[in-house]
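Trainee: Got a minute? I'd like to go through this structure with you.
Mentor: Sure. Pull it up and ask away.

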Amino acid sequence: MNKKAEQFQEYLKEKELENVFTLEEREDELHTALFRSQIDVEGNKLPTVVIFDDSLYGVVRVLVAPKALTEENALAVMKLANGYNKRYKALKYYFDDAGALLLDVAILSVEGERTGDMVYAMFDVMIRHLNEAYKAIMRAVWA
């Protein structure tokens with residue numbers, strides 16, 4: 001496991017949050033560690049992952065809506081996502097190759113520096129934003 005993931009795991013133990021995440025380690029060149037969980041938004045459990053590797057960044061990622069992008073709703077959904085991207089500096093929406101809508105926050109993650117408090121601060125920002133935006137996002141997806 002990479003050092004940043006080890007530090008995050010220690011943070012989770014200190015805060016008694018180790019049962020909130022499941023750890024998945026990848027055998028890749030960046031020694032990627034995925035801490036999987038979910039957040040509750042408008043009564044929906046959204047899959048969430050915190051990613052640490054040997055790069056300069058960590059990522060908090062939320063799967064907002066699978067198969068969100070269709071031919072019928074593409075303009076509305078892309079316009080809404082782009083509007084949020086322009087409005088919120090830390091939050092970035094994008095679509096994966098399967099059309100799922102994801103929300104990322106990149107965190108500067110330097111080895112040797114603890115990032116647990118920053119990760120949880122970003123969770124708070126994401127959850128507050130999603131509680132405000134989720135209904136509008138889903139209306140655009142279902143349009």
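Trainee: Let's start with T32. Does T32 count as buried or exposed, and at what relative accessibility?
Mentor: T32 counts as buried, because its relative accessibility is 10% and the cut-off for buried is under 20%. Keep in mind that this is a predicted model.

Trainee: Okay. Where is T32 placed?
Mentor: T32 sits in the loop between strand 1 and strand 2.

Trainee: What is T32 in contact with, leaving aside neighbours within four places in sequence?
Mentor: The list is N2, E24, E25, R26, I51, F52 and D53.

Trainee: And which side chain does the side chain of T32 join in a polar contact?
Mentor: That of D28. The polar contact is 2.7 Å.

Trainee: How many residues apart in sequence are T32 and D54?
Mentor: They are 22 residues apart in sequence. In space, their C-alpha atoms are 7.2 Å apart.

Trainee: What about H31? Where is that one placed?
Mentor: H31 is in the loop between strand 1 and strand 2 (33-41). At 43% relative accessibility, H31 counts as partly exposed.

Trainee: What is the phi of H31?
Mentor: About 55 degrees. That is a positive phi, although H31 is not a glycine.

Trainee: And what is phi like at E16?
Mentor: Near 55 degrees, a positive value, and E16 is a residue other than glycine. E16 lies in the loop between helix 1 and strand 1 (22-25).

Trainee: Is E16 buried or exposed?
Mentor: Exposed, with a relative accessible area of 69%.

Trainee: Back to N2, from the T32 list. Where does N2 lie?
Mentor: In the segment before helix 1 (3-14). N2 counts as buried, at 4% relative accessibility.

Trainee: Which backbone nitrogen does the side chain of N2 reach at 3.1 Å?
Mentor: The one of K4. There is also the backbone nitrogen of A5, which lies 2.7 Å from a polar atom of the N2 side chain.

Trainee: What is N2 in contact with, leaving aside neighbours within four places in sequence?
Mentor: N2 is in contact with L30, H31, T32, A33, F52, D53 and D54. You've met H31 and T32 already: both are placed in the loop between strand 1 and strand 2.

Trainee: New topic, helices. How do people describe two packed helices?
Mentor: By the angle between their axes and the distance between the axes.

Trainee: So what is the angle for helix 1 and helix 3?
Mentor: About 75 degrees, with the axes 9 Å apart. Helix 1 and helix 3 are therefore roughly perpendicular to each other, since angles of 65 to 115 degrees count that way.

Trainee: Which residues make the contact of helix 1 and helix 3?
Mentor: F8, Y11 and L12 come from helix 1. Helix 3 brings G116, D117, V119 and Y120. By class, the residues divide into 5 nonpolar, 1 polar and 1 charged.

Trainee: And what is the angle between helix 2 and helix 3?
Mentor: Helix 2 (residues 74-87) and helix 3 (residues 116-142) pack at about 160 degrees. Their axes are 9 Å apart.

Trainee: Why are helix 2 and helix 3 called roughly antiparallel?
Mentor: Because angles over 145 degrees count as roughly antiparallel, and the angle for helix 2 and helix 3 is about 160 degrees. Their crossing is right-handed.

Trainee: Which residues meet there?
Mentor: A76, V77, L80 and Y84 in helix 2 meet H129, A133, A136, I137, A140 and V141 in helix 3. This contact has 9 nonpolar, 1 polar and no charged residues.

Trainee: What about N73? Where does N73 lie?
Mentor: N73 is in the loop between strand 4 (57-65) and helix 2. N73 is buried, with a relative accessible area of 1%.

Trainee: What does the side chain of N73 reach?
Mentor: The backbone nitrogen of T70, at 2.8 Å. Leaving aside neighbours within four places in sequence, N73 is in contact with A68, A140, V141 and A143. A140 and V141 are also among the helix 3 residues that meet helix 2.

Trainee: Last one, K89. Is K89 buried or exposed?
Mentor: Exposed, at 79% relative accessibility. K89 is in the loop between helix 2 and strand 5 (92-95). K89 and V105 are 16 residues apart in sequence and 9.4 Å apart in space, C-alpha to C-alpha.

How values were computed: Residues numbered from 1 in each chain as written. Predicted model: local features only at pLDDT ≥ 70, side-chain atom pairs only at ≥ 80, totals over all residues. Heavy atoms only, no water. Helix = DSSP H or I, 4+ residues; strand = E, 2+ residues; numbered from the N terminus. Buried < 20%, exposed > 50% of the residue type's maximum accessible area, 1.4 Å probe, protein only. Polar contact = N/O pair within 3.5 Å; in protein donor to acceptor, adjacent residues only side chain to side chain. Contact = heavy atoms within 4.5 Å. Axes fitted to C-alpha atoms, helices over the stretch in contact; angles between N-to-C directions. Left-handed = near helix turned anticlockwise from the far one by under 90°. Nonpolar A, V, L, I, M, F, W, Y, C, P; charged D, E, K, R; others polar. Parallel < 35°, antiparallel > 145°, perpendicular 65-115°, else oblique.
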